[in-house]
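Dear colleague,

I am passing on the structure below, and my notes on it follow directly after.

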Amino acid sequence: MRSHSCYMLAYECFKATDDRKLDTESCVKIVLRNKNLGLDQYRFLLQTMVNSGLGEETYGPRNVLAGREETPTLMEAHEEMDEIMFGTLDNLFSKTGVSPPDIDILIVDVSLFSPSPSLTARIVNRYKMRDNIKSFSLSGMGCSASMVAIDLVQNLFKSYKNAFAVVVSSETIGPHWYCGKENSMMLSNCLFRSGGCSVLLTNKPCLKHKALMKLKHSVRTNIGSNDEAYGCCIQIEDQQGYNGFLLTRNLTNAAAKAFTMNLKVLVPKILPIRELIRFTVISICKTNNKTAKPSLNLKTGIQHFCIHPGGRAVIDGLGKSLGLNEYDMEPARMALHRFGNTSAGGLWYVLGYMEAKKRLKKGDKILMISLGAGFMCNNCVWEVMKDLGNGNVWEHCMDRYPIPRKNMINPFADKYSWINDERLNFVRMDLSNIILS
């Protein structure tokens, strides 16, 4: 039904200033400030950073770069959010011509920062929005929160006709920088970076011709009833009292289970009948032929795969399970390399890459895949409404991408591989002085 349509009119990704770049030397300085670390932790961090898939131009929070990661303030957390929220919203309103008082629905998803007044209230106050605006603040949902927000908008559009909605997706990194020594909690420091996105949506039929995309399907899966899944990605304190985000070995299994359950609901909605019949026939044959391995060809209904850039392992795992090639996974790999894991905002950098590379043509279908704490898998499918080719947040560096995987050599490997020398196991010395020299 046309009145229930959800159109994306525009999206604006955040790009920080160059003074916030976290290159190799900046990362090393931050690591060496942590006096809780020893040789084993240095080796773990070296291996993690080398295999992370992140490049030299991701962005960090100002308080961490300034050496105040152990003493974050509320003001700094607000400043980090203000820079992302107001920066993307200013550009969004300017480029679309839609004014803040026109907005009927406002949703902000930031998992680890839930102040009072809320972040939505902060936006309403900044832009002097209407007093009857429907505002929602989502927290604690991790990297998949943006898809939860999109699904919420779709459902709200069923009750509110001819409406504009804005979704702001981001995360606060500065107040939650881990300063302890637990390997499973240091992972977040290696992967998460500053970023975010604001998206403008509408259900106004008269604006269909201006839309970039139309939401076709949205499926949410939550397996939080499973104890291992619930605890595989969780915010805790370590034994020394340092706050951080724990990523356990159960994360891979939880992600696979949630993703499989989600696809069971989504696939029948997006694939042509002929592919479903083919799969059914092969599945029946499998009972008599154990060598047959039935698999659905998602490319019969989907042209582009927008995978959350959560890390190299996440991208590789999802790519393998879906039977994707390097071309399909390139947008996620490059988004991870250039901007890092920006949590809920990450998918929009991947989408921006596809658009900047002029991959998106009218009629194409895009599958957005997100995984997050809870544990949740939230996916949606968009239909491209017209040929797209805006350079967006990638415009400044598009000529350098894609970078072949063989050329994505992390500088940590060249500069600090000596840390793995076994002879250091028998030497007592202050490694921080050697590393800095």
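UniProt, in an unreviewed entry, places the feature "domain: Beta-ketoacyl-[acyl-carrier-protein] synthase III C-terminal" at residues 301-383; UniProt positions are in the numbering used here, feature names are shortened, and annotations may be inferred rather than shown by experiment. This is a predicted model, in which local features need pLDDT of at least 70 and side-chain atom pairs count only at pLDDT 80 or more, while totals for chains, interfaces and linings use all residues. Residues are numbered from 1 along each chain as its sequence is written, and side-chain values use heavy atoms, with hydrogens and water left out.

The largest nonpolar core (buried Ala, Val, Leu, Ile, Met, Phe, Trp, Tyr and Cys residues joined through side-chain atoms within 4.5 Å; buried means under 20% relative accessible area, exposed over 50%, partly exposed in between, with a 1.4 Å probe and protein chains only) has 81 residues, and Leu 201 and Trp 382 are among those with the most contacts inside it. A second, separate core of 36 residues includes Cys 232, Ile 369, Cys 377 and Val 381.

A search of the whole structure finds 20 salt bridges, each a side-chain nitrogen of Lys or Arg within 4 Å of a carboxyl oxygen of Asp or Glu. In one of them, Lys 21 pairs with Glu 57, the closest N and O atoms being 3.0 Å apart, and both residues belong to a salt-bridge network with Asp 18, Arg 338 and Arg 400. Asp 104 and Arg 130 also form a salt bridge, at 2.7 Å from N to O; Arg 130 is partly exposed, at 27% relative accessibility. Glu 383 meets Lys 216 at 3.6 Å, N to O, in a further salt bridge.

Best regards
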